Amino acid sequence: MLTAEICVNLTAKSIWQVYTYSVPEKFKFIVRGWRVIVPFGKQIVDGFVMEVKDTDEKFEFELKEIADVVDNEIWFTPQMLSMASWISDFYLCPLSQAMALFMAGRHSKKIAPKIEKFLRLTGTFDETKFQRATKQLEILKRLSKVSEIPVSEFGGMNATINSLVKKNLVAVEERRILRDSYAAISAVKKNIELTEAQKNVVDTISLYLKMKMHAKFLLHGVTGSGKTQVYIELTKIVRQLGRRALILVPEISLTGQIVKNFKAHFSDVLVIHSKLSIAERNDIFYKIRQGEVGIVIGARSALFTPLDNVGLVVLDEEQDSSYKQDTPPFYHAKIIAEEFAKIQNAAIIFGSATPSFETYYRAKNGEIIYLELPKRVLNNPLPEVSCVDMRMELKAGNKSVLSFALKNLLEETLANHQQAILLLNKRGYSTFVMCRDCGAVVTCPECGLPMHYHITDKTLKCHYCEVESIPPTVCPKCKSKRIKYFGTGTQKLEEFLQTELPTAKILRMDRDTTGGKFAQDKILDSFKRGEFDILFGTKMVAKGHDVPNVTAVGILSADSVLNFPNFRAAEECFNLITQAAGRAGRGELPGKVIVQTYNTDADAVKFACEQDFKSFYEIEIVKRELLFFPPFCRLVKIIFTSKNRAKIFDYAERIVNSFKLEVAANSTVRQEIFGPIPAMIENLRGEFRFAVLIKTLDLEIVRGFLRFHNLHTDETIQIDIDPLTTN
């Protein structure tokens, strides 16, 4: 009897085992890696074939049969299965959850391929014989000039086409059409001469590419130093060697620019990210399997394609928090990419102007090869950065969101017909709504965080759980009508700029304006064409954009991130200022940057204004070591959740005490555990949440403890390995 071991695609954390099904005669072609449909209890679910075997074993019960197959071919390659198993083990998540990452959608769906019919000419024709059949003659004349015409142009098959087919003058062929939203994107190839620093980087990495050796590199290049061109030159070498390249960017908004750069040099570029439709993603997987793709570019989901024979993996802006998945299984694309490169025997490049402390520390200790691009291409200077103390502005009577210096810079930039970028890392119109009499703040009913006012649709929105409500006209606590909108979001800044700079053409870019598939690209393209003078928005305006006519950058509330209880706060503040400042002066004209802050003495602000990463790192790393934070340890965050506050707190406390007795007291390496403490959002949708944090020098010991106590199978618990925050 032929049987298959099936991993059912269910989200329940308690389901870790595989289930045995019989394989009916009509599906005897299936092997490891197929997606199938199976009965499971009273449900019909999809599943993944982990093993197929011919067995004489007698089962105590009658096996259920595989009901159907999802695809016409194997979906999971051996490499995908290997990566899924590794993810399941490393992140302590069910195998089905890990394997779901490698699919076009969370569940398998039978997506019919897009088939189109085409007409082509198969014989010669005499025009004189078609004097009365003018429609037939029109089609024949068109086909004599082109190789084929889609039948859809004629509204489908009709009597005219059928007549031509019967006369053996026209043939109809069916062909699968592979959808590609980026097919129309093209760019003109520019002959760029590499700088000496770029040549040195390419020469060093190419040695490993040619030997097909796995190696890790940190490419530390200042903004505008030409890191993308280095990636392109190395990809040329990889393609000449017959291998493929995977280029990762942190956000969809960055794909458009890098795709254009690569398409100027390569014809086999494919783009993948989470905003593509399931049908588009299915077609992408098909093209990769057919060997039609040599280069895949995308956000973190691009890691989960059937790409094999990879020689180069690039993580551009490797420090970016967007590489971390914020839903189970809480993976970090940087960690998975490194494992992927190891499996593929590929070189992996971590590229950044502001590398993460973990990556830079590994490079300084020789675990990663350090390469540097210390200057901008053409030796263009870095922008001139000035810091404005907003406390002094208030004392001088300026209550505006723009300092005098920034407003003057914007007016000067507009007068010179140049462009500016403004960064304000707050969406919405006002950051919170408060009663002026009793001080009550309008909070989200689900999580308790302040709600933000959005003037476009006149609603309050929670930026954490997306709850919406109507703004109150009367305080729900004291019934006062003195409701005040405090703070400045991007929508309020837009209104202010329209008033203060009435001649300026301004363009906003935040989550509210970039909901569509190509919304970011359309905004950036119009800005690059010079249709707008000022681009402003949240941190997405600070990342990777190269607009030569941008000479001015303003950073509002630069130090706001320092107020968050996060050990990475200073690092994030430094990165944000440096990355945003790097948008200025990338062309022939010099750039000027103004940083507005209430904390001019903060190291992150001072060194960012000086654009001095190394000095900032040397000061901050001492604090990290003293407090035993990454890169000096690995973190594991555990969130305990229940509607019963006392019960879940006691459970978390028992686990903490068990860890102290079983692990910390007996380990030969440093192990620390803290908590339980209320999570940052303690009450979410009626459930209480407590956080426990483990600091460890041996992650496997901690994973063993969590497995032993079955915490990884408990639905009330979330395990986050290498979290970005501690609470």
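**Exercise 1. A strand and a surface patch**

Task: In this predicted model, find the strand that holds V172, and decide whether V172 is buried or exposed, or partly so.

Solution:
- Step 1. V172 belongs to strand β8, which covers residues 170-177.
- Step 2. The relative accessible area of V172 is 31%. Buried needs a value under 20% and exposed a value over 50%, so a residue in between is partly exposed. V172 is therefore partly exposed.
- Step 3. On the surface, V172 joins M157 and V165 in a nonpolar patch. Together these residues have about 190 Å² of accessible area.

**Exercise 2. The nonpolar cores**

Task: State which residues touch the most other members of the largest nonpolar core, and list what F262 touches.

Solution:
- Step 1. The largest nonpolar core has 153 residues. Within this core, F262 and V313 touch the most other members.
- Step 2. Residues up to four places away in sequence are not counted. F262 then touches Y231, I232, T235, I247, V269, I295 and I297.
- Step 3. There is also a second, separate core of 20 residues, with L493, L497, L556 and I594 among them.
- Step 4. As background, nonpolar side chains in soluble globular proteins tend to be buried together.

**Exercise 3. Order in a sheet**

Task: Give the order of the five strands in the open sheet and name its edge strands.

Solution:
- Step 1. The order is β2-β1-β4-β3-β5, and the pairing is antiparallel.
- Step 2. The edge strands are β2 (19-22) and β5 (68-69), each of which pairs on one side only.
- Step 3. Take one pair inside this order: β3 (residues 35-40) and β4 (residues 43-54) are joined in the antiparallel sense over six bridges. In this pair, P39 stands opposite I44 in β4.

**Exercise 4. A histidine in a loop**

Task: Locate H332, decide whether H332 is buried or exposed, and list its contacts beyond four places in sequence.

Solution:
- Step 1. H332 sits in the loop between β13 (310-316) and α9 (333-344).
- Step 2. Its relative accessible area is 8%. Buried means under 20%, so H332 is buried.
- Step 3. With neighbours within four places in sequence left aside, H332 is in contact with Y91, Y323, K324 and L724.

**Exercise 5. Backbone angles**

Task: Describe the peptide bonds from P630 to P631 and between G675 and P676, then examine phi of K212 and H417.

Solution:
- Step 1. Recall that most peptide bonds are trans and that most residues other than glycine have a negative phi.
- Step 2. The bond from P630 to P631 is cis, with omega near 15 degrees. P631 is in the loop between α17 (613-627) and β27 (634-642).
- Step 3. The bond joining G675 and P676 is also cis, with omega about 0 degrees. P676 lies in strand β28, residues 671-684.
- Step 4. K212 has a positive phi, near 55 degrees. This residue is in the loop between α5 (196-210) and β9 (215-221) and is partly exposed, at 43% relative accessible area.
- Step 5. H417 has a positive phi, near 60 degrees. Its loop runs between α12 (404-415) and β17 (419-424). At 68% relative accessible area, H417 is exposed.

Definitions and conventions
Residues are numbered from 1 along each chain as its sequence is written. This is a predicted model: local features need pLDDT of at least 70, side-chain atom pairs count only at pLDDT 80 or more; totals for chains, interfaces and linings use all residues. Side-chain values use heavy atoms; hydrogens and water are left out. A nonpolar core is a set of buried Ala, Val, Leu, Ile, Met, Phe, Trp, Tyr and Cys residues joined through side-chain atoms within 4.5 Å. Buried means under 20% relative accessible area, exposed over 50%, partly exposed in between (1.4 Å probe, protein chains only). Contact means heavy atoms within 4.5 Å. Patches are made of residues with over 30% relative accessible area and no salt bridge: like charges are joined within 9 Å, nonpolar side chains (Val, Leu, Ile, Met, Phe, Trp, Tyr) within 5 Å. Accessible areas come from the Shrake-Rupley method with a 1.4 Å probe; for residues, only the protein chains shown count as cover. A salt bridge is a side-chain nitrogen of Lys or Arg within 4 Å of a carboxyl oxygen of Asp or Glu. Helices (H or I, at least four residues) and strands (E, at least two) are DSSP runs, numbered from the N terminus. Two strands pair if DSSP finds at least two bridges between them.
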